[in-house]
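The following paragraphs offer a guided reading of the structure shown here. Please keep the three-dimensional view at hand while reading.

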Amino acid sequence: MIKDKVLKALNNQINEELYSAYLYASMRAYFEKLNLKGFANWLRIQVQEELFHVRKFENYIFERGGEVELYEIKKPPKSWKSPLDAFEGVYKHECHITECINKLAEIAEKEGDRSTRMFLDWFINEQMEEEANADGILQKLQMVKDAPGGIYWIDKELEQRTINPMIIADITGTATGQ
Ligand code: OFO
């Protein structure tokens with residue numbers, strides 16, 4: 001049976017992941033308003049990534065016989081000064097999530113909960129990728145410094161992002177071995 005302390009920490013992380021989805025949905029709306037469809041596309045897919053993280057935590061709690069508890073989600077910001085400002089926000093937020101996952105792993109370790117600790121390895125790897133992706137876009141934005149030509153070029157590139165098939169399989173219930 002899962003210990004209360006671990007369960008509470010997992011439920012808190014669900015709230016963090018839901019906030020991530022909320023934050024990126026708000027950013028997507030900001031970029032749609034600017035007619036930067038590539039940035040909006042990247043964030044639309046990112047929202048799905050975050051909801052996938054939510055389901056992963058929920059499924060794990062179900063598997064351990066625990067109860068999922070949803071908390072209130074705080075309101076995300078509505079606008080940013082520039083694409084650079086928004087992606088500084090994405091990168092900072094991903095670093096914050098990495099910290100949350102690391103703290104969660106510490107709690108699981110302290111409580112002697114090896115299953116949770118092992119489950120969290122997927123998220124530890126995922127956060128390396130999440131930080132690297134956000135940082136890659138941020139570095140390009142820092143390079144072009146809000147110059148319209150540069151923003152246009154990055155926007156075209158971000159238009160290419162497609163949803164991970166694993167997420168489609170999860171949404172449609174056709175995933176195996178997760
Ligand atoms: Fe962006 O990785 Fe979850 O929150």
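In which helix does asparagine 125 lie? Asparagine 125 lies in helix α4, which spans residues 114-144. The structure in view is a predicted model. With a relative accessible area of 47%, asparagine 125 is partly exposed, because the class of exposed residues begins only over 50%. A distance along the chain may be set beside a distance in space: asparagine 125 and threonine 162 are 37 residues apart in sequence, and their C-alpha atoms are separated by 20 Å.

Helix α4 can next be considered together with its neighbour. Two packed helices are described by the angle between their axes and the distance between the axes. For helix α3, residues 83-110, and α4, the axes come within 9 Å and cross at roughly 165°. The two helices are therefore roughly antiparallel, since angles over 145 degrees fall in that class. Their crossing is left-handed. Where α3 meets α4, the contact residues comprise 18 nonpolar, 5 polar and 7 charged ones.

Helix α3 also passes α2, which covers residues 37-63. Here the axes come within 13 Å, and the crossing angle is roughly 15°. The helices α2 and α3 are therefore roughly parallel to each other, as angles under 35 degrees are counted in this way. The crossing of α2 with α3 is left-handed.

The loop between α1, residues 4-33, and α2 contains asparagine 35. What is the phi of this asparagine 35 near? Its value is near 60°, which is positive although the residue is not glycine. Most residues other than glycine have a negative phi. Asparagine 35 counts as exposed, with a relative accessibility of 53%.

The aromatic side chains form a further theme. How many aromatic pairs does a search of the whole structure find? The search finds 12 of them. One pair joins tyrosine 30 and phenylalanine 31, whose ring centres are 5.0 Å apart and whose planes stand at 75°, so this pair is edge-to-face. The reason is that planes over 60 degrees apart belong to the edge-to-face class. Tyrosine 30 counts as buried at 10% relative accessibility, and phenylalanine 31 is buried with a relative accessible area of 0%. Both rings take part in a cluster that ring pairs build from Tyr30, Phe31, Phe39, Trp42, Trp80 and Phe87.

Another pair is formed by phenylalanine 52 and tryptophan 122, with ring centres 6.0 Å apart and planes at 75°, so it too is edge-to-face. Phenylalanine 52 belongs to helix α2 and tryptophan 122 to helix α4, so the pair ties together parts that are 70 residues apart in sequence. Are these two residues buried or partly exposed? Phenylalanine 52 is buried, with a relative accessible area of 2%, whereas tryptophan 122 is partly exposed at 26%.

Charged side chains also meet aromatic rings. Over the ring of tryptophan 122 sits the charged end of lysine 56, at 4.5 Å from the ring centre. Tryptophan 122 thus has a charge over its ring and an aromatic partner in phenylalanine 52. The charged end of arginine 161 sits over the ring of tryptophan 42, 4.5 Å from its centre. Tryptophan 42 is itself one of the members of the aromatic cluster described above.

How values were computed: Residues numbered from 1 in each chain as written. Predicted model: local features only at pLDDT ≥ 70, side-chain atom pairs only at ≥ 80, totals over all residues. Heavy atoms only, no water. Phe/Tyr/Trp six-rings, centres within 6.5 Å; stacked < 30°, edge-to-face > 60°. Buried < 20%, exposed > 50% of the residue type's maximum accessible area, 1.4 Å probe, protein only. Helix = DSSP H or I, 4+ residues; strand = E, 2+ residues; numbered from the N terminus. Lys NZ or Arg CZ within 6 Å of the ring centre and 35° of its normal. Axes fitted to C-alpha atoms, helices over the stretch in contact; angles between N-to-C directions. Parallel < 35°, antiparallel > 145°, perpendicular 65-115°, else oblique. Left-handed = near helix turned anticlockwise from the far one by under 90°. Nonpolar A, V, L, I, M, F, W, Y, C, P; charged D, E, K, R; others polar.
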